[in-house]
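I opened this notebook to keep track of what I looked up, one entry at a time. I began with a single residue and its neighbours, and left the overall picture for later.

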Amino acid sequence: MGFIDIVLIGVGLSMDAFAVSVCKGLKMKVIDMRQCFVIALFFGVFQAFMPLAGYALSVSFVTYINAYSHWIAFGLLVIIGANMIRESVGDEEEEECGNASVGIKELILLAIATSIDALAVGVTFGSMGEKLQLPIGLSATLIGVITFVISMAGVFIGNGFGAKFKAKAEIAGGVILIMIGIKVVLEHFI
């Protein structure tokens, strides 16, 4: 898994944070740059930390899962991607938009909720061993920076265009993750 794969994973993982950022932007009458930066920073930091945590967990068990790593990666990425798609097309009313102002406690909860998928991706990275071409620290940082930028853009997009992009972004993120999962399995057999 090289640089482009990590970038695509970063984009896919950041779609939940993007959706919440769009919601926050919808609620802002005028863009508050400080608040926009803080929202994006929380999402980016948590999205970078979670793959590191998942990687650390998986490294402890790497001897047990090495033979099945391609299937583990495939399964986790497909489950995460399918769940993102399911959530984006569901009829359930989402309450995550809340109000425009965000307290630290709420930001922490939102950042954890939107980065749980990144924990599973970290486990996948740990199971891949040498197939992960970039060091885990660089991979996690890249995912965090991508999430930061996309979350920042989400606040502006939400403020300017409304909620019509939210579901499409989650579907795109889910499709990206599923395609990378398929690529991991195909690379194992080719």
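**Entry 1: a glycine and its neighbours.** Leaving aside residues up to four places away in sequence, I found that G44 touches G144, T147 and F148. I note at the outset that I am working with a predicted model. When I looked up where G44 sits, I found its place in helix α3. I then asked how far apart the C-alpha atoms of G44 and T147 are in space. They are 4.9 Å apart, although 103 residues separate G44 and T147 in sequence. I also wanted to know whether G44 is buried or exposed. Its relative accessibility is 5%, and because buried means under 20%, G44 counts as buried.

**Entry 2: the helix that holds G44.** Helix α3 covers residues 33–60, and its axis comes within 6 Å of the axis of α6, the two crossing at roughly 35°. I noted the handedness of this crossing as well, and α3 passes α6 in a right-handed one. Sorting the residues of the contact between α3 and α6 by class, I found 20 nonpolar and eight polar residues, with no charged residues.

**Entry 3: a serine in α6.** I stayed with helix α6 and picked out S115, which lies in it. Which residues does S115 touch, if those up to four places away in sequence are not counted? The answer is F46, Q47 and M50. S115 has a relative accessible area of 0%, so it is buried.

**Entry 4: a second pair of helices.** I next turned to α2 and α7, which pack at an angle of about 35° with their axes 6 Å apart. The crossing of α2 and α7 is right-handed. On the α2 side I listed M15, A17, F18, S21, V22, G25 and L26 as the residues that make the contact, and on the α7 side T147, I150, S151, G154, V155, I157, G158 and N159. T147 was already in my first entry, as one of the residues that G44 touches. By class, the contact of α2 with α7 has eight nonpolar residues, seven polar residues and no charged ones. While I was looking at helix α2 I also checked V20, which is found there. V20 counts as buried because its relative accessible area is 2%. Its C-alpha atom is separated by 8.4 Å from that of T114, a residue 94 positions away along the chain.

**Entry 5: the nonpolar cores.** I then looked for the largest nonpolar core, which has 22 residues, and those with the most contacts inside it are M1, I6, I9, V121 and F125. Five helices each supply at least two residues of this core, namely α1 (3–13), α2 (15–27), α5 (69–89), α6 (104–128) and α7 (136–161). Another core lies apart from it and has 14 residues, among them A17, I39, F43 and M152. I followed I6 a little further and, not counting residues up to four places away in sequence, found that it touches M1, F125, L132, L134, S139, L142 and I143.

**Entry 6: two partly exposed residues.** I looked up F74, whose place is in helix α5. F74 is partly exposed, with a relative accessible area of 26%. Once residues up to four places away in sequence are set aside, F74 touches G181, I182 and V185. The C-alpha atoms of F74 and I178 are separated by 7.8 Å, while the two residues are 104 apart along the chain. My other choice was H188, which is found in helix α8 (residues 166–189). With a relative accessible area of 36%, H188 is partly exposed too. Between H188 and K131 the C-alpha distance is 9.8 Å, and these two residues are 57 apart in sequence.

**Entry 7: the whole chain.** Only at the end did I turn to the overall picture. How many helices and strands does the protein have? It has eight helices and zero strands. Of the 190 residues in the protein, 47% are buried. Among the contacts with a separation of 6 or more, 93% are between residues 24 or more positions apart. The protein exposes about 9400 Å², and carbon and sulfur atoms supply 71% of that area.

Definitions and conventions. Residues are numbered from 1 along each chain as its sequence is written. This is a predicted model: local features need pLDDT of at least 70, side-chain atom pairs count only at pLDDT 80 or more; totals for chains, interfaces and linings use all residues. Side-chain values use heavy atoms; hydrogens and water are left out. Helices (H or I, at least four residues) and strands (E, at least two) are DSSP runs, numbered from the N terminus. Buried means under 20% relative accessible area, exposed over 50%, partly exposed in between (1.4 Å probe, protein chains only). Contact means heavy atoms within 4.5 Å. Accessible areas come from the Shrake-Rupley method with a 1.4 Å probe; for residues, only the protein chains shown count as cover. A nonpolar core is a set of buried Ala, Val, Leu, Ile, Met, Phe, Trp, Tyr and Cys residues joined through side-chain atoms within 4.5 Å. Axes are lines fitted to C-alpha atoms, for helices over the stretch in contact, and angles run from 0 to 180 degrees between N-to-C directions. A crossing is left-handed if the near helix is turned anticlockwise from the far one by less than a right angle, and right-handed if clockwise. Ala, Val, Leu, Ile, Met, Phe, Trp, Tyr, Cys and Pro count as nonpolar, Asp, Glu, Lys and Arg as charged, and the others, Gly among them, as polar.
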